[in-house]
Amino acid sequence: MTTQPFKNVYLLPQTNQLTGLYTIIRDKNTTRSDFIFYSDRIIRLLVEEGLNHMPVVDKTVSTHTGEEFHGLGFEGKICGVSIVRAGESMEQGLREVCRSVRIGKILIQRDEETALPKLFYEKLPEDIDNRYVFLLDPMLATGGSAIMATDVLIKRGVKAERICFLNLIGCKEGIDNYHKAHPGVKIITGCVDRGLNEQRFLVPGLGDFGDRYYCI
């Protein structure tokens, strides 16, 4: 059963399997290939949980035995929006679960003079205002980039209640900052760390997710 550590935050069930996966990706001695493999497993779990929050309608189908099965069907269209570059690591997991899903991208980088996030690029589906959006970024630290990315989505007409923000690790400070700006957005995460260090990295954390996924 998914738990809620904070309002509108959904935490994956803290099973032994999940704890084992996080132990592997947090380990500084884990190879890049293993980091990718086990991160991808967690990402898939996050996407599956995200789908649990999508609206459904009653649907009846006929089976091969001539009987009817009264089930459910998903309502509405989904798209993913990744915060470049670390968020792009989550795109494949979404594609593996949702066939032919549309993907948008938002590039946000820190301004060296102000130390604040700055929007550099966005490419989103034209009909994104009619879709349910999975916002993808592995780490929720201060929340600055995620807040700006969500601002972009809302300016494009996406309703807050249609956005699910998926991340592997968050912390209370980032969650509070994000929900102060966007209280109506659901956050789906696999772990809530104890906080941030002086360099504003999550602790215990796992380092720079994008570097470990793409470079190291």
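This short report walks through one helix and a few unusual backbone spots in a predicted model.

**Helix α4**

Let's start with α4, which runs over residues 144–155. Its twelve residues reach 17 Å from the first C-alpha to the last, close to the 16 Å expected at 1.5 Å a residue. Which residues of α4 are buried? They are Ala-146, Ile-147, Ala-149, Thr-150, Val-152 and Leu-153. A handy rule helps when you look at such a list: an α-helix has 3.6 residues a turn, so residues three or four places apart point the same way. The buried residues of α4 pack against the strands β4 (77–84), β5 (102–110), β6 (117–123), β7 (131–136) and β8 (163–171), and also against helix α5 (172–181). After α4 comes Gly-157, with a positive phi near 100 degrees.

**Unusual backbone spots**

Most residues other than glycine have a negative phi, and most peptide bonds are trans. Here are four places to compare with that rule.

| Place | Backbone feature | Value |
|---|---|---|
| Val-84 and Arg-85 | cis peptide bond | omega about 5 degrees |
| Val-203 and Pro-204 | cis peptide bond | omega about 5 degrees |
| Ser-100 | positive phi, not a glycine | phi about 60 degrees |
| Arg-200 | positive phi, not a glycine | phi about 70 degrees |

Where do you find them? Arg-85 sits in the loop between β4 and α3 (91–97), while Ser-100 lies in the loop between α3 and β5. Arg-200 belongs to the loop between β10 (195–196) and β11, and Pro-204 to the loop between β11 (202–203) and α6 (209–214).

Ser-100 is exposed, with a relative accessible area of 75%. Arg-200, at 38% relative accessibility, counts as partly exposed.

Terms used
Residues numbered from 1 in each chain as written. Predicted model: local features only at pLDDT ≥ 70, side-chain atom pairs only at ≥ 80, totals over all residues. Heavy atoms only, no water. Helix = DSSP H or I, 4+ residues; strand = E, 2+ residues; numbered from the N terminus. Expected span 1.5 Å × (residues − 1). Buried < 20%, exposed > 50% of the residue type's maximum accessible area, 1.4 Å probe, protein only. Contact = heavy atoms within 4.5 Å.
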